[in-house]
Amino acid sequence: MVSPFVAPVPERSPSLERQAIIDLSAIANNIRHLREIAAPAQFMAVVKADAYGHGMIPVARTAVAAGAQWLGAVHVSEGLALRAAGIEVPVLSWLHTLDTDFTAAVANELDLGCSGWELEYIVAAARELQRPARIHLKIDTGLGRNGCSRENWPALVTAAMEYQDQGLLRVVGVFSHLAVADEPQRPETDEQLDRFREAVNIAEEAGAQLEVRHIANTPATLSRPDSHFDMVRVGLGIYGLSPFADQSSAALGLTPAMTLETQIAQCKDVPAGQGVSYGLNFIASQATTLGLIPLGYADGVPRIATGGPVRVNGITYPVVGRIAMDQMVIDLGPEGRAGFENGSALGAPAVLFGNGADGGPLVEEWAGAAGTVNYEIVTRISPRVPRRYVGGAQ
Ligand SMILES: *Cc1c(COP(=O)(O)O)cnc(C)c1O
């Protein structure tokens with residue numbers, strides 16, 4: 001009999017120990033599909049937060065190749081990273097602090113969102129560089145986060161137009177962000193669109209010649225054609241995920257682009273009564289075989305998501321016991337060794353989520369287990385998980 005303590009030596013790359021496989025052709029196809037829905041509006045691919053965890057530079061290049069005319073990067077530092085990678089399409093950054101490097105932003109031709117206080121800082125940068133900044137004035141139409149209040153809007157427009165007359169900037173856009181577009185039956189979106197049109201009118205009456213008026217995110221792009229205006233700003237959808245609780249990616253014609261995969265790190269028989277992981281919150285009710293999954297909250301899997309699905313050998317098993325920093329456990333069952341070569345699950349591929357094509361688990365199931373949304377699950381996959389790109393020019 002082969003000693004149970006000697007593992008076969010596989011010919012595997014260490015990078016396959018755990019990986020987020022990013023399907024760039026899925027992202028390209030999602031963008032083409034969404035562009036058709038948005039046309040004739042222009043398309044901004046939102047690549048903030050390392051492209052929702054998918055990798056900003058490869059996704060940005062894929063997006064441009066698939067016809068995205070604009071890129072959205074929330075921070076100036078993210079926009080500068082796009083420029084440093086040689087990406088030349090228009091980029092908008094819109095969330096600033098007193099420490100934002102507006103000079104670098106203007107020097108690198110980033111378009112800047114401006115909600116109010118930033119105006120003087122942007123103008124100072126333009127003066128210093130002796131070149132006009134391109135700004136998009138942001139109106140808060142109801143979300144209550146950044147954006148200029150309706151009360152202060154006329155004053156902001158007036159101040160910006162004075163600087164435009166002095167050659168220090170160009171007001172090229174007016175934009176806003178929606179609060180409840182993922183719940184299309186709610187009335188607040190209509191109200192926000194009304195306020196947006198009103199704000200655009202005020203800017204245009206003050207002489208602004210706007211290249212782009214934009215308010216639509218992914219859910220509005222899909223459900224509210226009247227929100228498209230000159231451009232849509234799409235994040236979640238390009239990654240193939242649905243913003244709606246009651247509609248799947250497939251129903252929307254989208255393909256999830258990230259597959260989170262690892263391999264079983266140990267396959268162990270335990271007696272009835274065996275407790276599993278910190279707190280011993282799971283106790284085996286019968287003799288069984290446990291599979292050890294070498295991913296944990298340090299890899300971005302939420303600690304709270306016990307019960308989340310792991311697909312091994314065509315079967316989906318729920319995580320049992322607490323998810324720890326580096327590892328978690330699935331219960332393969334008393335007959336759990338049967339389906340594996342040599343009677344051991346050691347080294348078997350284990351998929352936490354993917355594109356669902358093979359009936360495998362989806363990001364949304366992990367979101368459900370963690371009490372959160374699909375946005376958060378993909379975005380929080382940590383740098384400890386190498387990204388591997390397939391299906392496209394990078
Ligand atoms: C993140 C973000 C988007 C993209 O939202 P999705 O729902 O992912 O499409 C659009 N606009 C702004 C201002 C954002 O911050």
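## Working through the ligand site

An oxygen atom of the ligand lies 2.9 Å from a polar backbone atom of Gly235. Keep in mind that this is a predicted model. Grab the structure and try these.

**Exercise 1.** Find which side chains place an N or O atom 2.7 Å or 2.9 Å from a ligand atom.

*Solution.* Start with Lys48: an N or O atom of its side chain is 2.7 Å from a ligand oxygen. Then go to Arg233, where a side-chain N or O atom sits 2.9 Å from a nitrogen of the ligand. Both distances fall inside the 3.5 Å cut-off, so both pairs count as polar contacts. As for cover, the ligand on its own exposes 390 Å², and the protein buries 95% of that.

**Exercise 2.** Describe the shell around the ligand: which residues come nearest, and which helices and strand each supply at least two residues?

*Solution.* First, locate the site: the ligand sits in the second largest pocket. Next, look at the 13 residues around the ligand; Lys48, Tyr52, Thr218, Leu236 and Tyr375 come nearest. Sorted by class, the shell splits into 7 nonpolar, 4 polar and 2 charged residues. Finally, trace the secondary structure: helix H2 (48-52), helix H9 (218-223) and strand E9 (231-234) each give the shell at least two residues.

**Exercise 3.** Work out which aromatic cluster Tyr52 and Tyr375 belong to.

*Solution.* Begin with the whole structure, which holds 6 aromatic pairs. Now follow the rings from Tyr52: together with Tyr239 and Tyr375, Tyr52 forms one aromatic cluster. Two of these names should ring a bell, since Tyr52 and Tyr375 are also among the residues that come nearest the ligand.

**Exercise 4.** Check the backbone at Pro40 and Ala51: is the Ala39 to Pro40 peptide bond cis or trans, and is phi of Ala51 positive or negative?

*Solution.* Take Pro40 first, in the loop between helix H1 (24-38) and strand E2 (42-46). The bond leading to Pro40 from Ala39 is cis, with omega near 5 degrees. Then move to Ala51, in helix H2. Its phi is near 55 degrees, a positive value in a residue other than glycine.

Conventions:
Residues are numbered from 1 along each chain as its sequence is written. This is a predicted model: local features need pLDDT of at least 70, side-chain atom pairs count only at pLDDT 80 or more; totals for chains, interfaces and linings use all residues. Side-chain values use heavy atoms; hydrogens and water are left out. A residue is near a molecule or strand if one of its heavy atoms lies within 4 Å of it. A polar contact is a pair of N or O atoms within 3.5 Å; within protein, one must be able to donate a hydrogen and the other to accept it, and residues adjacent in sequence count only if both atoms are side-chain atoms. Accessible areas come from the Shrake-Rupley method with a 1.4 Å probe; for residues, only the protein chains shown count as cover. On a 1 Å grid over the protein atoms alone, a cavity is a set of points where a 1.4 Å probe fits but cannot get out, and a pocket is an open set with protein on both sides within 12 Å along at least five of seven lines; lining residues have an atom within 4 Å of a point. A molecule sits in a cavity or pocket if more than half of its atoms lie within 2 Å of its grid points. Helices (H or I, at least four residues) and strands (E, at least two) are DSSP runs, numbered from the N terminus. Ala, Val, Leu, Ile, Met, Phe, Trp, Tyr, Cys and Pro count as nonpolar, Asp, Glu, Lys and Arg as charged, and the others, Gly among them, as polar. Rings of Phe, Tyr and Trp (its six-membered ring) pair if their centres lie within 6.5 Å; planes under 30 degrees apart count as stacked, over 60 as edge-to-face and the rest as tilted.
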